[in-house]
Amino acid sequence: MYDDINISLWEISISLSSTIDMVEPSLVGHHKKVAYIALSIGRELGITQDQLNELFLAAIFHDIGAFSLKEKMSALNFDFNDSYHHANIGYKLLRMFKPFKKVADIVHFHHIPWKYGNGLYYMGYNVHMFSHIIHLSDRVAILINHDVPVLSQKDKICHTIDNYRNNLFNPEIVDAFLELAKKEYFWLDITSNFLADSIKQMIKLDDKMYIDMYDFVDLSTMFSKMIDFRSKYTSTHSSGVAACAKIMAKLAGFSETECTKITIAANLHDLGKLAIPSEILNKPSRLSSFEYDIIKGHPFYTYKILSQIEGFSDIAKWASFHHEHLDGTGYPFHLKGDEIPLVSRIVAISDLFVALIENRPYRAGMDKKQIIDILKEMAKNNYIDADILELLIDNFDYIKHIVESAQIGAIDIYSDTIA
């Protein structure tokens, strides 16, 4: 059994939600706004502290299944009703991590209208009351115009919400919201720079949640799917990189515990792509220089997300330096030589290897000779570590088999989740 590690769900949830919202300026802070409104309504209704914690996690991750910018923007239309698809994907992603099972159930139906009580059930499932709280909270958040003082629009927002009582929204939840809406602080909190602090005061997730390494691999896998599943071309990429990095680390003599930590770092290496529009990730041709500049930000965001989590300094570096070159010409930090940890060098070569064997919209996956020639040229130019590359070449067929086996399992999960 591996030693337990500490993970602050508060730190990782807030950081991830901020990164997801970065994809579009009008989305900035959206998940935190929904979480704050939902928590405020929950307290008004008198739910327990444990339930508030659960409600927070569901609210802060409620739209993780909305992959494209078009889908995210469509959901910002108040009357948008075709939202079950992204809620269902969010549900399937969240349930990959056992501690999030209840959270997944809440997210599953967070766009189901009340319909005079018919919204208690959907497709044979019971709809959690918290799903209806998030539904109303989400609609309130999108009605706020940040170009206008919030107190001058609160009456109009309340009128709109009340007009949809019984139709879209549970009347009990509407009443709780309207009672809250009488208090100026509620509105000022939603639009203030202190929103995260206000949320933190309402929940108890700042205490650590203890999980072992196996559980954390599951959590890191869930996060990797959030990015990989946004593009059918990369739907198995992180699974392949994690498998490649783990087996190469094992061949290099790392311990089992170290190999597991390396798997986590490889799973999370592209986490910063949550801040990249999926329209760029899905582009069926080569990127323009402008688009490539946007892509170059993703390891920076990976580093910022992971470095905010206490005890994650090594994993943050291992995951984030996979586009650095030994000669200092990589990005985004321009590290060179010994500034790049050995594990980061393993993840970098794993990332390249998997990308080269994969089919991409602008080229087919490459054969063994093509891959080795490209990687040898990169090592010759002092971009990647020649010793690690030699390890890959010496075990090429074995490593390729391990990677492809991992990707076959990942494509099955992708097909089940997206369907």
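**View 1. The lining of the largest pocket mixes 18 nonpolar, eight polar and nine charged residues.** This close-up comes from a predicted model, and the pocket in it holds about 1100 Å³ of space. Its lining is built from 35 residues. If you would like a place to start, look for Tyr-292, His-323, Ala-355, Arg-360 and Tyr-362, which lie nearest the centre of the pocket. Helices H12 (213-228), H15 (278-281), H16 (289-295), H19 (342-357) and H20 (368-380) are the elements that each give two or more residues to this lining. Helix H19 provides the largest share, with five residues.

**View 2. Helices H7 and H9 meet in a right-handed crossing.** Here H7 spans residues 129-143 and H9 spans residues 171-181. Their axes come within 10 Å and cross at roughly 50°, which makes H7 oblique to H9. On the H7 side, follow Met-129, His-132, Ile-133, Leu-136 and Val-140. Their partners in H9 are Glu-172, Ile-173, Val-174 and Phe-177. Sorted by class, the residues of this contact are seven nonpolar, one polar and one charged.

**View 3. Helices H1 and H3 cross at roughly 25°.** H1 covers residues 9-21, H3 covers residues 49-60, and the two axes come within 10 Å. The helices are therefore roughly parallel to each other, and their crossing is left-handed. Leu-9, Trp-10, Ser-13, Ile-14 and Ser-17 reach across from H1 to meet Phe-56, Leu-57 and Ile-60 in H3. You will find no charged residues in this contact, which divides into six nonpolar and two polar.

**View 4. Helices H12 and H13 have axes that come within 8 Å.** We return to H12, one of the helices that line the largest pocket, and now see it beside H13 (residues 237-251). The axes of the pair cross at roughly 135°, and that makes H12 oblique to H13. From H12, the contact uses Ser-224, Lys-225 and Asp-228. H13 answers with His-237, Ser-238 and Ser-239. This contact has no nonpolar residues; four of its residues are polar and two are charged.

Conventions. Residues numbered from 1 in each chain as written. Predicted model: local features only at pLDDT ≥ 70, side-chain atom pairs only at ≥ 80, totals over all residues. Heavy atoms only, no water. Axes fitted to C-alpha atoms, helices over the stretch in contact; angles between N-to-C directions. Helix = DSSP H or I, 4+ residues; strand = E, 2+ residues; numbered from the N terminus. Parallel < 35°, antiparallel > 145°, perpendicular 65-115°, else oblique. Left-handed = near helix turned anticlockwise from the far one by under 90°. Contact = heavy atoms within 4.5 Å. Nonpolar A, V, L, I, M, F, W, Y, C, P; charged D, E, K, R; others polar. 1 Å grid on protein atoms, 1.4 Å probe; cavity = no way out; pocket = protein on both sides within 12 Å on 5 of 7 lines; lining within 4 Å. Points joined across faces, edges and corners; volume = space filled by probe spheres on them.
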